[in-house]
Amino acid sequence: MNSTDIATYLIQHPHFFEEHAELLSSIKLTSPVMGRAISLQERQMEVVREKYRALELKLADLMRHADENLDITKKFQVWTRTLLLARNDVDLPFILTQGLQDIFALPHATLRLWGVAPEFTHTWFSEPASEDSMLFAKGLKTPFCGANQDFEAASWIDASEPVRSLAMLPLRLSATSPTFGLLVLGSPDPTRYTKDMGTDFLIKIADTTSAALACLIDQ
């Protein structure tokens, strides 16, 4: 019999070692941890310890993510509260973008709205956006994250150093509603916003921003 035949036999006869328990103590294995021959029972304990350590690491990682998510949730609640406390519609864009920077420690945040109501056409947030920028925003189904490839939206940010990465969030009230603006987050760090980063939280920011600023749009 070769080793495959033996393995097959043991699989087909799972009670073999119950019937020949005395063989277990004579089986010797090489330990990758201790570097010497050990018994089968000792090797099984090593396997259990390795699995336990792996579970401990996984649990620690889950707890870290849970703490991070809790911190983000708290910040999101504080930011939302600042929007609800705003007393003048015209102040909302500044409160919103400044809140994102202060509460989430973002380097830069700005926005542009189009189709605003006549009483808001003189404001900084209704300054003209090119047709290309509006088409770009319209085509975004989810926030764009990545390197700044000379996007016009980057020029809306008043920064003393180059904006190297961007997150651009389309503003609309639903998936089928017209796009009426673009929220832009920028950073001098090229790795702050990357194309492979998750966008779930950014989508929540875009949804909340859209709802808060809908009062500025000419209906």
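Student: What makes Met1, Ile6 and Tyr9 a nonpolar patch on the surface?
Tutor: In this predicted model, local features need pLDDT of at least 70, side-chain atom pairs count only at pLDDT 80 or more, and totals for chains, interfaces and linings use all residues. Residues are numbered from 1 along each chain, and side-chain values use heavy atoms, without hydrogens and water. A patch takes residues with over 30% relative accessible area and no salt bridge (Lys or Arg side-chain nitrogen within 4 Å of an Asp or Glu carboxyl oxygen); nonpolar side chains are joined within 5 Å, like charges within 9 Å. Met1, Ile6 and Tyr9 form such a patch, with about 350 Å² of accessible area together (Shrake-Rupley, 1.4 Å probe).

Student: Why is Tyr9 called partly exposed?
Tutor: Buried means under 20% relative accessible area, exposed over 50%, and partly exposed in between. Tyr9 has 35%, so Tyr9 counts as partly exposed.

Student: Why is Cys145 called buried, and why is Cys215 called partly exposed?
Tutor: Cys145 is at 7% relative accessibility and therefore counts as buried. Cys215 has 36%, so Cys215 is partly exposed.

Student: How many disulfides are there?
Tutor: A disulfide needs two cysteine sulfur atoms within 2.5 Å; by this rule the count is zero.

Student: What makes a set of residues a nonpolar core?
Tutor: Its members are buried Ala, Val, Leu, Ile, Met, Phe, Trp, Tyr and Cys residues joined through side-chain atoms within 4.5 Å. The largest has 32 residues, and Trp79, Leu100 and Leu213 are among those with the most contacts inside it. A second, separate core of 14 residues includes Ala129 and Trp156.

Terms used: Buried means under 20% relative accessible area, exposed over 50%, partly exposed in between (1.4 Å probe, protein chains only).
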